[in-house]
2 protein chains.
Amino acid sequence: MKVSIKLADLTTDGILSAACPSRIVLDHVTSKWGVLVLVALSEQSLRWGELRRMVEGVSEKMLAQTLKVLEQDGFVLRVAQPTIPPRVDYSLTDRGRELTDRLLPLMEWITANAGEILA
Amino acid sequence: MKVSIKLADLTTDGILSAACPSRIVLDHVTSKWGVLVLVALSEQSLRWGELRRMVEGVSEKMLAQTLKVLEQDGFVLRVAQPTIPPRVDYSLTDRGRELTDRLLPLMEWITANAGEILA
DNA sequence: GAAGGTACCCACTTCTAGGTAAGCTGGTGG
DNA sequence: CCACCAGCTTACCTAGAAGTGGGTACCTTC
């Protein structure tokens, strides 16, 4: 019941309609590195360098760009300490945690089934 | 407890490692049109033309390409009736349904919060 | 006999996400 | 005095994602 109502919303004026703002957020979240950064931060807050090492394969440019978008959308909090050398910590906001609560089950399932799927 | 174990898997040898096959499946699922096609099919099975109209903005080429990938990954079932004019029905497989079970909560949340996020 | 409906495929072009590599800051250790 | 740390920024370039416009098959209806 509840599900069918939500589905109706999704498929009528929801994410399937081209003009819906959710398309933009969807692009941000499902961007190549967006998901991975969110997953990495879901475990604990991390510094720039830790993130870079953790999310294997990400370039500095793309990490910076991805973090900027996620920060603008209010998913990620950036805390810079004006020390030398600089130290910047990234963590999830409450909104970010709401997102990852829904993202992690998906990622876990994909990780668990990827082998079988590609076979 | 359960969660922390799963998270450990994800962040050590899981999706964050560059060589993990889950990266490939992730790209398929989170491709621009992949998500939307899966959402559309989650409600009911649809014919080619219905899908095209439902997923606003998708071109024929991209719809065909997306469906081919989702079919190869075993998420979508393609049933062609050799009638004239041709009729092709697309539906979710069991595996596809497992996926959308985890995908829909995310999409619903994004759709519900997109306005606030972009503000 | 002309037009249209359905589900595509292919060649060509465009665009943009993403990769690469360099530079910048300003103290601190050699 | 030079290199080095961390955390970026910038300019440049390319591969592949995506759009465009055509064609195809076969039968039905006008």
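Trainee: How many residues of the surface near DNA strand D are nonpolar, how many polar and how many charged?

Mentor: That surface divides into nine nonpolar, two polar and eight charged residues. The classes are fixed by residue type: Ala, Val, Leu, Ile, Met, Phe, Trp, Tyr, Cys and Pro count as nonpolar, Asp, Glu, Lys and Arg as charged, and the others, Gly among them, as polar. The model is predicted, so local features need pLDDT of at least 70 and side-chain atom pairs count only at pLDDT 80 or more, whereas totals for chains, interfaces and linings use all residues. Residues are numbered from 1 along each chain as its sequence is written, chains are lettered from A and ligands numbered from 1 in the order in which they are written, and side-chain values use heavy atoms, with hydrogens and water left out.

Trainee: What makes a residue count as near DNA strand D, and which residues come nearest?

Mentor: A residue is near a strand if one of its heavy atoms lies within 4 Å of it. Of the 19 residues around DNA strand D, the nearest are Arg47(A), Glu60(A), Arg78(A), Tyr90(A) and Lys61(B). On the DNA side, 67% of the atoms of strand D that come within 4 Å of the protein belong to sugar and phosphate.

Trainee: Why is the approach of Arg47(A) to DNA strand D called a polar contact?

Mentor: A polar contact is a pair of N or O atoms within 3.5 Å; within protein, one must be able to donate a hydrogen and the other to accept it, and residues adjacent in sequence count only if both atoms are side-chain atoms. A polar side-chain atom of Arg47(A) lies 2.9 Å from a phosphate oxygen of DNA strand D, so the pair qualifies. Polar backbone atoms also reach phosphate oxygens of this strand, at 3.0 Å for Gly49(A) and at 3.3 Å for Val88(A).

Trainee: Which elements give two or more residues to the surface near DNA strand D?

Mentor: They are helix 4 (48–54), helix 5 (60–72) and strand 3 (87–92) of chain A, together with helix 5 (60–72) of chain B. Helix 5 of chain A contributes the largest share, four residues. Helices (H or I, at least four residues) and strands (E, at least two) are DSSP runs, numbered from the N terminus.

Trainee: How do you know which atoms of DNA strand C the side chains of chain B approach?

Mentor: The distances identify them: an N or O atom in the side chain of Glu60(B) is 2.5 Å from a base nitrogen of DNA strand C. Phosphate oxygens are the partners of Arg78(B), at 2.5 Å, and of Tyr90(B), at 2.7 Å. Of the atoms of DNA strand C within 4 Å of the protein, 62% belong to sugar or phosphate and the rest to bases. Strand 3 of chain B gives the most to the surface near DNA strand C, with three residues.

Trainee: Why are strand 1 and strand 2 of chain A said to stand at the edges?

Mentor: The sheet in chain A is open, with three strands in the order 1-3-2 and antiparallel pairing. Strand 1 (46–47) and strand 2 (76–81) each have a single partner strand, so one side of each is left without a neighbour in the sheet.

Trainee: What makes strand 1 and strand 3 of chain A a pair?

Mentor: Two strands pair if DSSP finds at least two bridges between them. Two bridges join strand 1 to strand 3 of chain A, so the criterion is met. In one of the bridges, Leu46(A) has Tyr90(A) of strand 3 as its partner. In chain B, six bridges join strand 2 to strand 3, and Ala80(B) has Val88(B) as a bridge partner.

Trainee: Why is the meeting of Arg95(A) and Glu116(B) called a salt bridge?

Mentor: The term requires a side-chain nitrogen of Lys or Arg within 4 Å of a carboxyl oxygen of Asp or Glu. For Arg95(A) and Glu116(B) the N to O distance is 3.5 Å, so the pair satisfies the rule. The count between chain B and chain A is two salt bridges.

Trainee: How much area do chain B and chain A bury between them?

Mentor: About 4700 Å², 75% of it on carbon and sulfur atoms. Buried area is the accessible area (1.4 Å probe) that two parts lose on being put together, summed over both. In chain B, Leu16(B), Trp109(B) and Ile117(B) lose the most area to chain A, together 14% of what that side buries.
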